[in-house]
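User: I am new to this structure and would like to understand the words used to describe it. Could you take me through some of them, with the reasoning?

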Amino acid sequence: MFTYYMPTKVFFGKACVAQSGEVLADLGRKALLVTGRHSAKVNGSQAAVVEKLDELGISWFLFDEVENNPSVATIRKAAAFALEKGVDFVIGIGGGSPMDAAKAIALVCTNELDDEQLFIGPYGKPLPIVAVPTTAGTGSEVTKVSVLTNPKAGTKQSINTPLIFPTYAFVDPAFTESVPETVTIDTAIDALSHAVEGYMSTASTPMSDVWAEEAMRFLGVHLTDLKGDVSPVVREDLLYGSTLAGITIAQTGTTMVHSMGYMLTYYKGISHGRANGLLLPAYMKLMEETMADKAEKVWAILGLAGLDDFTALMKDLMGDTVDLSDEEIKKFVTMTLPTGGVQRTPYPVTAELLTHIYQQLAI
């Protein structure tokens, strides 16, 4: 027995906001726009949304202070602003950080939650959420997860509830065309990690596998096209693959790769996508032992000869070393072991195994 639930209505394609944005009128008369400080203003995404809101007579307010890996403090500041303005719905415009922030803001606007309850609930219904991705990586526009930085816990933590699935997602590849090379690479590998981890998760289902395989097809063919100038056609494929990978993890969650990677991001400042890319080869080595048929399918879909080929590709894109002390590794292992990602890993994950993988990153 398995379940499938993905309530977000997706509009995909160039100019989708202009063509289909009239549905925003169903959500209310005041919107909060949630962005970072820069990219949404230059890639056309904010302008497209504002033009449609103005056309519909919907007033809007801008919160553009979302940082990479948004903090709980930022969420609370934005929610207070939203409540002051009396907004009816929240629009997240940007990469994973603004979209994840928008979900959490919408939740805090309607729920009194202390810092512990924020991550465990219970929750009431949030304000409606709209997502407009501007990178091809996180898939947050179609997931029920919001990942935040929680200094009290000393790591990144997730809000995970079907209540924060966006009502609408406007997925326009034109908004990704100005993304710099490093972000293109990191986000593409993040999307690939979602597809691969979802495919190899203990929570995978026949239905989620369909999305994962399709995501890998669209991402895998372009893994050697991520450096230098990236054509609009490739950008479209990457964004489509990223959205499919997001649909995958909305059903399956992620595995030990994400759990281990959060430590590298929080404590070592390594971008989320690069952290995943550094860890994926070790993960796939384990999967060759426990899910040999699926591992072979991954190599075939990605057009690779096998693990050695994949490892070389990841090293070329990500680099291959991280400076980790024995004390840091011990701390990371202790914090990683009890996570849901480890529990969804189809391999007996021990402290010794995690220690070995972290040590290999430092060689």
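Analyst: Gladly! Let us begin with a definition: a residue is buried under 20% relative accessible area, exposed over 50%, and partly exposed in between. Please keep in mind that this is a predicted model.

User: Thanks! Why does tyrosine 240 count as partly exposed?

Analyst: Partly exposed covers the range between under 20% and over 50%. Tyrosine 240 has a relative accessibility of 29%, so this residue counts as partly exposed.

User: What makes the pair of phenylalanine 12 and tyrosine 240 edge-to-face?

Analyst: Planes over 60 degrees apart count as edge-to-face, for rings with centres within 6.5 Å. Here the centres are 5.7 Å apart and the planes stand at 75°, so the pair is edge-to-face. Phenylalanine 12 sits in strand β1 and tyrosine 240 in helix α9, 228 residues apart, so the pair links distant parts of the chain. Phenylalanine 12, at 32% relative accessibility, is partly exposed.

User: Where else do aromatic rings pair up?

Analyst: The whole structure has nine aromatic pairs. One of them joins tyrosine 5 and phenylalanine 165, edge-to-face, at 5.7 Å centre to centre with 85° between the planes. Tyrosine 5 lies in the segment before β1, and phenylalanine 165 in the loop between β7 and β8.

User: How do you know which of tyrosine 5 and phenylalanine 165 is buried and which is partly exposed?

Analyst: The cut-off for buried is under 20%. Phenylalanine 165 has 6% relative accessibility and therefore counts as buried. Tyrosine 5 has 48%, so this residue counts as partly exposed.

User: Why is threonine 176 called buried or exposed?

Analyst: Its relative accessible area is 2%, and buried means under 20%, so threonine 176 is buried. Threonine 176 is in the loop between β8 and α7. Its side chain reaches the backbone oxygen of proline 173 at 2.8 Å. Beyond its neighbours within four places in sequence, threonine 176 contacts residues including Thr134, Arg235 and Leu239.

User: What makes β1 and β3 the edge strands of the sheet?

Analyst: Each of them pairs on one side only. The sheet is open, with six strands in the order β1-β8-β5-β4-β2-β3 and parallel pairing.

User: How do you know that β1 pairs with β8?

Analyst: Strands pair if there are at least two bridges between them. Four bridges join β1 to β8, so the two strands meet that definition. In one place, lysine 9 has tyrosine 168 of β8 as its bridge partner.

Terms used
Residues numbered from 1 in each chain as written. Predicted model: local features only at pLDDT ≥ 70, side-chain atom pairs only at ≥ 80, totals over all residues. Heavy atoms only, no water. Helix = DSSP H or I, 4+ residues; strand = E, 2+ residues; numbered from the N terminus. Buried < 20%, exposed > 50% of the residue type's maximum accessible area, 1.4 Å probe, protein only. Polar contact = N/O pair within 3.5 Å; in protein donor to acceptor, adjacent residues only side chain to side chain. Contact = heavy atoms within 4.5 Å. Phe/Tyr/Trp six-rings, centres within 6.5 Å; stacked < 30°, edge-to-face > 60°.
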